[in-house]
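Hi,

Here is the structure I promised to pass on. Could you have a look at it, and then read my notes below?

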Amino acid sequence: MRNPYDEQQTQILARISNNVVKLNETLLELNQKIEEINEMNSDLVAFSNIWNHYQRNANLYLTSTNSMEPAATAKR
């Protein structure tokens, strides 16, 4: 005796399979974009670290040479 739901179940499984394939492709694309963003962010982190070291060193130099302006006049 033939199961009357075989064809319907086969169609549903085919749709699920196709959707999984599309989802996988989309996730691969998303991962590539995230990798690109992470690469850009690593450049920004490196620049930020360099800038923070420069600022710290500049402040140390200005403090050691007594060349630091008071905070009130520096904001003008």
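Asn66 counts as exposed because its relative accessibility is 71%, and the cut-off for that label is over 50%. This is a predicted model, so please read every value here as computed from it. Asn66 sits in the loop between H1 and helix H2 (71-74). Its backbone caught my eye too: the phi of Asn66 is positive, near 55 degrees, although the residue is not a glycine. Most residues other than glycine have a negative phi.

Asn66 follows H1, so let me turn to that helix, which covers residues 6-64. How far apart are the end C-alpha atoms of H1, and what span should its 59 residues have? The expected span is 87 Å, because each residue is taken to add 1.5 Å. The end C-alpha atoms lie 84 Å apart, which agrees with that expectation.

Two surface patches may also interest you. One is nonpolar, with an area of about 370 Å², and is made by Ile12, Leu13, Ile16 and Val20. Of these, Ile16 is found in helix H1. Is Ile16 buried or exposed? Neither label fits: Ile16 counts as partly exposed, because its relative accessibility is 46%, and that class lies between the 20% and 50% cut-offs.

The other patch is negative, and Glu35, Glu36, Glu39 and Asp43 form it. Glu35 is one of the residues of helix H1.

Happy to talk any of this through whenever suits you.

Best wishes

Conventions: Residues numbered from 1 in each chain as written. Predicted model: local features only at pLDDT ≥ 70, side-chain atom pairs only at ≥ 80, totals over all residues. Heavy atoms only, no water. Patch = residues over 30% accessible without salt bridge, like charges linked within 9 Å, V, L, I, M, F, W, Y side chains within 5 Å. Areas by Shrake-Rupley, 256 points an atom, 1.4 Å probe, with all protein chains shown as cover. Salt bridge = Lys/Arg side-chain N within 4 Å of Asp/Glu carboxyl O. Helix = DSSP H or I, 4+ residues; strand = E, 2+ residues; numbered from the N terminus. Buried < 20%, exposed > 50% of the residue type's maximum accessible area, 1.4 Å probe, protein only. Expected span 1.5 Å × (residues − 1). Lys, Arg positive; Asp, Glu negative; His and termini not counted. Charge placed at Lys NZ, Arg CZ, Asp CG, Glu CD.
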